[in-house]
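User: Please take a close look at one residue in this model, the serine in the first strand of chain A, and then set it against the rest of the structure.

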There are 2 protein chains.
Amino acid sequence: MKLNERGLLVVLSGPSGVGKGTVRKALFQMPEQNFTYSVSMTTRNKRPGEIDGVDYYFVTKEEFQKRIKENKFLEHAEFVGNYYGTPLDKVEERLQEGKEVILEIEVEGALQVRDKVKDAVLIFLVPPCKEALYNRLKSRGTESPEVIEERIKKANREFKLAYKYDYIVVNDEVVNAADRIMAIIRAEHAKTERSIHKYMKLIEGE
Amino acid sequence: MKLNERGLLVVLSGPSGVGKGTVRKALFQMPEQNFTYSVSMTTRNKRPGEIDGVDYYFVTKEEFQKRIKENKFLEHAEFVGNYYGTPLDKVEERLQEGKEVILEIEVEGALQVRDKVKDAVLIFLVPPCKEALYNRLKSRGTESPEVIEERIKKANREFKLAYKYDYIVVNDEVVNAADRIMAIIRAEHAKTERSIHKYMKLIEGE
């Protein structure tokens, strides 16, 4: 029996190369999960096969900038001349439906979410040691030494931002990390501030 | 891989008759648990078969009162002319060994713990509805209607104190309640304030 019926906004972040995407995929494969994605909005051109509202919401730069001014993004960033962002209203709809919304985003975006949604659950995924992450960045094999060096520097800056998050989860094994995150989600639902309202109704006999 | 090596002080409380003892027993039977009891101190006489340091620490009233003055109890209470209390130093030892110390105590004592140990995890166990608890109090069958009435009144006062706890856990099924508590314990270990210290060591390369 669940006392909190509203979904949780779970922000999964961590240093570049820690394996956020793999852990997110593992979460969506867990039994009894109730997760949903949030479709991002972008100003980049639609690629062949991409569907508006499924892969992204595709909008013009003017439209995007208007939405920034109207405070309609949970977080947004510019990347190689294009905007990317998470629309607030879509996330809110899912949360009201009782879905857990997982945002797998970069550190910069995650900290924007903290400012907008006070009760978001911020999880910082970390490697068991720095070398594990360095090896991972190197073994991708598709990038030049300069790019790899750049990403290692970025990761080193990001490592230090862990203290801004609610939880630190070690990604030693993907399934362990996903298990820990499931436990965090269950615990967060049981938190008094999330469950006291329905509990009081229950006790007063509605 | 666990970033927090110190054990947690978990206070399991809730209204009279909610089934705290049954849930505690279920917790000790969980796989991969690392729980320990805390042996209470009392001024009541040792009964045949009871062992000092196992069932209770048996001390005199003078000794007990001296310890109260010296602030050596996590919580204590008087009951039918005798003192009962949880010695702080024994709990601290277990926590340092990395054990989770479960205190199954009455609401009054639980709130004393909150004042003494800021990072204790306070769990309020509740019935799925008031009637479930009333039926339970009645069905014990060993008490007079007056005593039952008294206990129902007490439970009704206790119900309202949920907001002072960190988590509210519904005891719909014992195994579900124990599962939720296990999730809370895992999540608490991953909390940034508990794990940042070791994480920073890891990242700085010790």
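What follows is a close look at that serine, and then at the wider model.

Analyst: The model is predicted. Start with confidence. Chain A has a mean pLDDT of 91. In that chain, 99% of the residues reach 70 or more. For the complex, the predictor gives an ipTM of 0.88 and a pTM of 0.90.

Now the serine. A:Ser13 sits in strand β1 of chain A, which covers residues 9-13. Is A:Ser13 buried or exposed? Its relative accessibility is 0%, so A:Ser13 counts as buried.

Which polar partners does the side chain of A:Ser13 have? One is a backbone atom: the oxygen of A:Ile105 lies 2.8 Å from a polar atom of the A:Ser13 side chain. Another is a side chain: A:Tyr165 and A:Ser13 are joined by a polar contact of 3.5 Å. That distance sits right at the cut-off, since a polar contact needs N or O atoms within 3.5 Å.

Both partners return in the contact list of A:Ser13, which leaves aside neighbours within four places in sequence. A:Ile105 is listed with A:Glu106 and A:Val107. A:Ile123, A:Phe124 and A:Leu125 are there too. A:Lys20, A:Ala110 and A:Tyr165 complete the list.

Next, the two chains. Chain A superposes on chain B after a rotation of 180°, with 0.0 Å of shift along the axis and an RMSD of 0.0 Å. This is therefore the relation of a two-fold axis. The same surface serves both copies, as 100% of the contact residues of chain A recur in chain B. Which residue of chain A comes closest to the rotation axis? A:Ala183 does, with its C-alpha at 2.2 Å.

A lysine shows contacts across the chains. A:Lys191 lies in the loop between α7 (174-190) and α8 (192-204) of chain A. Its relative accessible area is 16%, so A:Lys191 is buried; the limit for that class is under 20%. Beyond residues up to four places away in sequence, A:Lys191 touches A:Tyr167 in its own chain. In chain B, A:Lys191 touches B:Asp166 and B:Tyr167.

Then the aromatic rings. How many aromatic pairs are there over all chains? The count comes to 18. One of them joins A:Phe28 and A:Tyr37: the ring centres are 4.2 Å apart and the planes meet at 10°, so the pair is stacked. The cut-off for stacking is planes under 30 degrees apart. The two rings fall in separate accessibility classes. A:Phe28 is buried, at 19% relative accessibility. A:Tyr37 is partly exposed, at 44%.

Chain B supplies another stacked pair, B:Phe64 and B:Phe73. Their centres are 4.3 Å apart, with 20° between the planes. Both B:Phe64 and B:Phe73 are buried. Back in chain A, one aromatic cluster takes in A:Tyr56, A:Phe58, A:Phe79 and A:Tyr84.

Last, the cysteines. How many disulfides are counted over all chains? The count is zero. A:Cys129 is partly exposed, at 29% relative accessibility. B:Cys129 is also partly exposed, with a relative accessible area of 29%.

To return to the starting point: A:Ser13 is a buried strand residue, and its side chain has polar partners in A:Ile105 and A:Tyr165.

Definitions and conventions:
Residues numbered from 1 in each chain as written. Chains lettered and ligands numbered in written order. Predicted model: local features only at pLDDT ≥ 70, side-chain atom pairs only at ≥ 80, totals over all residues. Heavy atoms only, no water. pLDDT = per-residue confidence, 0-100. Least-squares fit on C-alpha atoms with pLDDT ≥ 70 in both. Contact = heavy atoms within 4.5 Å. Disulfide = S-S within 2.5 Å. Buried < 20%, exposed > 50% of the residue type's maximum accessible area, 1.4 Å probe, protein only. Helix = DSSP H or I, 4+ residues; strand = E, 2+ residues; numbered from the N terminus. Polar contact = N/O pair within 3.5 Å; in protein donor to acceptor, adjacent residues only side chain to side chain. Phe/Tyr/Trp six-rings, centres within 6.5 Å; stacked < 30°, edge-to-face > 60°.
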